[in-house]
Amino acid sequence: MKTTAALKVLPIAHTLYLREVQVADAAAIYQLIDSSRQYLRQWLPFVDHSHAVADTEQFLRSVTSPANTTEKVFVILYHEQVAGIIGFKGIDRLNNKVEIGYWLGQDFQGKGLMYRACSTLVAYAFEQMRMNRIQINVGVGNTRSSNIPKKLGFRLEGIQRAGELLNGTYHDLEMYSLLQKEWEGLKNSDRH
């Protein structure tokens, strides 16, 4: 387990930053899940498997384990409160590609937090991790979530049919991607 001093922090704004998760975050994360349960379960399969702080602790132990090389998870801290989670899934160093997953508590919606958090993680993936491709999967119909990759310049590649089991039913996923060279072009066009 990493010590607090060794945890990576990615600043976004004065009151908003990302910090690598630690097992000590379990109670705050679980409380956020529990207080937003009905809202989150519309799109997130893990919510129905999160019944206690111990479930969140188990997840955090797995992603903070030194043996974990395929996931990197951050808490989104807004005014020093846990607002949500964002991170990398399926880190593939051989092919330099990764998927970003995220969720935000209901009370933190509509403030632009996830867009800024995602933008920060995209820059980190391309600049620090030297990734070539980033993918974001979003449930078909989850407009709030799909607006994020669209605003960031991701391209819709297609629909993954029955890509996720959610509340006992298979749902389709929109697959968005952004390549490093596309991101560089977007970054350069923003400067002018």
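These legends go with a set of close-up views of a predicted model. Residues are numbered from 1 along each chain as its sequence is written, and side-chain values use heavy atoms, with hydrogens and water left out. As this is a predicted model, local features need pLDDT of at least 70 and side-chain atom pairs count only at pLDDT 80 or more, while totals for chains, interfaces and linings use all residues.

**View 1. Helix α1 and its buried side.**
Helix α1 covers residues 26–35, and its buried residues are Ala26, Ile29, Tyr30, Leu32 and Ile33. (Buried means under 20% relative accessible area, exposed over 50%, and partly exposed in between, with a 1.4 Å probe and protein chains only; helices are DSSP runs of H or I with at least four residues, strands are runs of E with at least two, and both are numbered from the N terminus.) Those buried residues sit on the same side of α1 because they cover an arc of only 160 degrees around the axis, the arc being that of the directions from the helix axis to the C-beta atoms. An α-helix has 3.6 residues a turn, so residues three or four places apart point the same way. Look at the other side of α1 and you'll find Gln31 and Ser35 exposed. The cover over the buried residues of α1 includes α2, α3, β3, β4 and β5.

**View 2. Arg37 in helix α2.**
Arg37 belongs to helix α2, residues 37–40. Charged or not, Arg37 is buried, at a relative accessible area of 17%. Setting aside neighbours within four places in sequence, Arg37 is in contact with Tyr30, Val47 and Ser50; contact here means heavy atoms within 4.5 Å.

**View 3. Two tilted ring pairs.**
The whole structure holds 5 aromatic pairs. (Rings of Phe, Tyr and Trp, the last by its six-membered ring, pair if their centres lie within 6.5 Å; planes under 30 degrees apart count as stacked, over 60 as edge-to-face, and the rest as tilted.) One of them is Phe46 with Trp103: the ring centres are 5.9 Å apart and the planes are at 45 degrees, so the pair is tilted. This pair links distant parts of the chain, with Phe46 in the loop between α2 and α3 and Trp103 in strand β5, 57 residues apart. Phe46 is partly exposed at 32% relative accessibility, whereas Trp103 is buried at 9%. Phe126 and Trp183 also make a tilted pair, with centres 5.2 Å apart and planes at 35 degrees. Here helix α4 supplies Phe126 and helix α6 supplies Trp183, again 57 residues apart. Phe126 is buried at 2% relative accessibility, and Trp183 is buried at 10%.

**View 4. An aromatic cluster.**
Phe74, Phe88 and Tyr124 are linked into a cluster by ring pairs.

**View 5. Salt bridges between and within parts of the chain.**
The count comes to 9 salt bridges, each one a side-chain nitrogen of Lys or Arg within 4 Å of a carboxyl oxygen of Asp or Glu. Among them is Glu20 with Lys72, where the closest N and O atoms are 3.4 Å apart. Glu20 is in strand β2 and Lys72 in strand β3, 52 residues apart, and both residues are buried. Arg41 and Asp48 meet at 2.7 Å, N to O; Arg41 is partly exposed at 25% relative accessibility, and Asp48 is partly exposed at 29%. Glu182 bridges to Arg155, with the closest N and O atoms 3.5 Å apart. Glu182 is in helix α6 and Arg155 in strand β7, so this pair ties together parts that are 27 residues apart in sequence. Glu182 is buried, with a relative accessible area of 19%, while Arg155 is exposed at 54%. Glu127, Glu184 and Lys187 are joined into one network by salt bridges that share partners.

**View 6. Two loop residues with positive phi.**
Most residues other than glycine have a negative phi. Glu80 has a positive phi of about 65 degrees, in the loop between β3 and β4. Arg130, in the loop between α4 and β6, has a phi near 60 degrees. Glu80 is exposed at 58% relative accessibility, and Arg130 is exposed at 59%.
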